[in-house]
Each structure stands twice: as C-alpha cells, then as structure tokens.
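Please look through the sequence and the model shown here before reading on. The paragraphs below go from ring pairs to the helices and then to single residues.

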Amino acid sequence: MGHELWMYILILTFSGALSLSLCLFAHFKLRNAPGAGPYKILTLLSAIFTFSYAFELSSSTLPEIQFWLGIEYLFMPFIPVFTLLMCLEYAGHKLSIKTPTRVALRFF
C-alpha cells in the first residue's frame, strides 16, 4: 500500500471515532430526546461502516479486501433507514405496524 492512502485512512479513523463518540453521547445524555433511539443506532452503524472502510483501504490482499467489503455492505443499507426513522420520530410522526402492510397490498 502506498503512502498516499495513510492520510485518508487517518481521516476515516477520526470520523469513525467521532461517530462512535456521538453514539455514546446520545446514549448517556439524550435518552428522552425525540429521535434519540434511531440516532444512536445510526451513529453506531456509521462508525462500523467507516472503520470497515478504513480497514478495507489498509488491507493488502484480495481476501482481506473482500471481507471488509462484506462488512461494509452488511451495515450500509440500514443507515438511510435509521436516518428516516430518526427524522420521522423527531417530527412527531408514528409508524404503525399496519402501514407497511397496507402500502405493500396496494401494489398487488
């Protein structure tokens, strides 16, 4: 691996640590705030994704890169979902269990 990636890996590691510290801050200080539950999960998923991307960049063999890509793609689809849930909860909207079923049945 070349030296040109080290600065990028350092920035990624710092941003992952920042996401993890925001997750811990939200867990201990924002317990009753609207949207705090999904926000904690969102920042944790973001930290895992960022750290796995940094590990992917620092990997030197193809199986290591494929492993870290698998970890990235395992957590990546849930980040927008929890962003939406956080925004909905902050805005005061409640999702009922019946809503996704009704939406799915409209298409059939």
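How many aromatic pairs does the count come to? The model is a predicted one, and in it the count comes to three aromatic pairs, with ring centres within 6.5 Å as the cut-off. One of them is formed by Tyr-8 and Tyr-53, whose ring centres are 6.1 Å apart and whose planes stand at 90° to each other, which makes the pair edge-to-face. Tyr-8 belongs to helix H1, residues 6-29, and Tyr-53 to helix H2, residues 36-58, so this pair ties together parts of the chain that are 45 residues apart in sequence. Both rings belong to residues with some surface: Tyr-8 is partly exposed at a relative accessible area of 39%, and Tyr-53 is partly exposed at 24%. Elsewhere, ring pairs link Phe-55, Phe-67 and Trp-68 into a cluster.

The overall fold comes next. The chain holds five helices and zero strands, and its elements run α-α-α-α-α from the N terminus on. Of the 108 residues, 20% are buried. The exposed area of the chain is about 8000 Å², and 73% of it comes from carbon and sulfur atoms. Taking the contacts between residues at least 6 apart in sequence, 66% join residues that are at least 24 apart.

Helix H1 has 24 residues, and the distance from its first C-alpha to its last is 34 Å, close to the 34 Å expected at 1.5 Å a residue. Its buried residues are Ile-9, Leu-12, Gly-16, Ser-19, Cys-23 and Ala-26. H2 is among the elements that cover them.

Helix H2 has 23 residues, and its end C-alpha atoms are 33 Å apart, in agreement with the 33 Å it should span at 1.5 Å a residue. The buried residues of H2 include Ala-36, Pro-38, Leu-42, Thr-43, Leu-45 and Ala-47. Further along H2, Thr-50, Ser-52, Ala-54, Glu-56 and Leu-57 are buried as well. What do the buried residues of H2 pack against? They pack against H1, helix H3 (62-75) and helix H4 (78-91).

The packing of H1 against H2 can be followed at Gly-16 and Thr-50. Gly-16 is found in H1 and is buried, with a relative accessible area of 0%. Leaving out residues up to four places away in sequence, Gly-16 touches Ala-47, Thr-50 and Phe-51. Thr-50 lies in H2. Is Thr-50 buried or exposed? Its relative accessibility is 10%, under the 20% cut-off, so Thr-50 counts as buried. With neighbours within four places again set aside, Thr-50 is in contact with Leu-12, Ser-15 and Gly-16. The C-alpha atoms of Gly-16 and Thr-50 are 5.3 Å apart in space, although the two residues are 34 apart in sequence.

Leu-44 is another residue placed in H2, and it is partly exposed, with a relative accessible area of 37%. Beyond residues up to four places away in sequence, Leu-44 touches Leu-20 and Cys-23. From Leu-44 to Phe-75 the C-alpha distance is 9.8 Å, with their positions 31 residues apart in sequence counted as separation.

Towards the end of H2 the contacts involve Trp-68. Trp-68 is found in helix H3 and is partly exposed at a relative accessible area of 23%. Not counting residues up to four places away, Trp-68 touches Ser-52, Phe-55, Glu-56 and Ser-59. Trp-68 and Ala-54 are 14 residues apart along the chain, and their C-alpha atoms are separated by 8.9 Å. Trp-68 is also part of the ring cluster with Phe-55 and Phe-67.

Glu-56 is found in H2. Which side chain of opposite charge is nearest to Glu-56? It is Lys-40, 28 Å away, and Glu-56 is buried yet has no salt bridge. The cut-off for a salt bridge is 4 Å, so Lys-40 at 28 Å does not form one with Glu-56. Apart from residues up to four places away in sequence, Glu-56 touches Ile-65, Trp-68, Leu-69 and Glu-72.

Definitions and conventions:
Residues are numbered from 1 along each chain as its sequence is written. This is a predicted model: local features need pLDDT of at least 70, side-chain atom pairs count only at pLDDT 80 or more; totals for chains, interfaces and linings use all residues. Side-chain values use heavy atoms; hydrogens and water are left out. Rings of Phe, Tyr and Trp (its six-membered ring) pair if their centres lie within 6.5 Å; planes under 30 degrees apart count as stacked, over 60 as edge-to-face and the rest as tilted. Helices (H or I, at least four residues) and strands (E, at least two) are DSSP runs, numbered from the N terminus. Buried means under 20% relative accessible area, exposed over 50%, partly exposed in between (1.4 Å probe, protein chains only). The expected span of a helix is 1.5 Å times one less than its number of residues. Contact means heavy atoms within 4.5 Å. Accessible areas come from the Shrake-Rupley method with a 1.4 Å probe; for residues, only the protein chains shown count as cover. Lys and Arg count as positive and Asp and Glu as negative; His and the chain ends are not counted.
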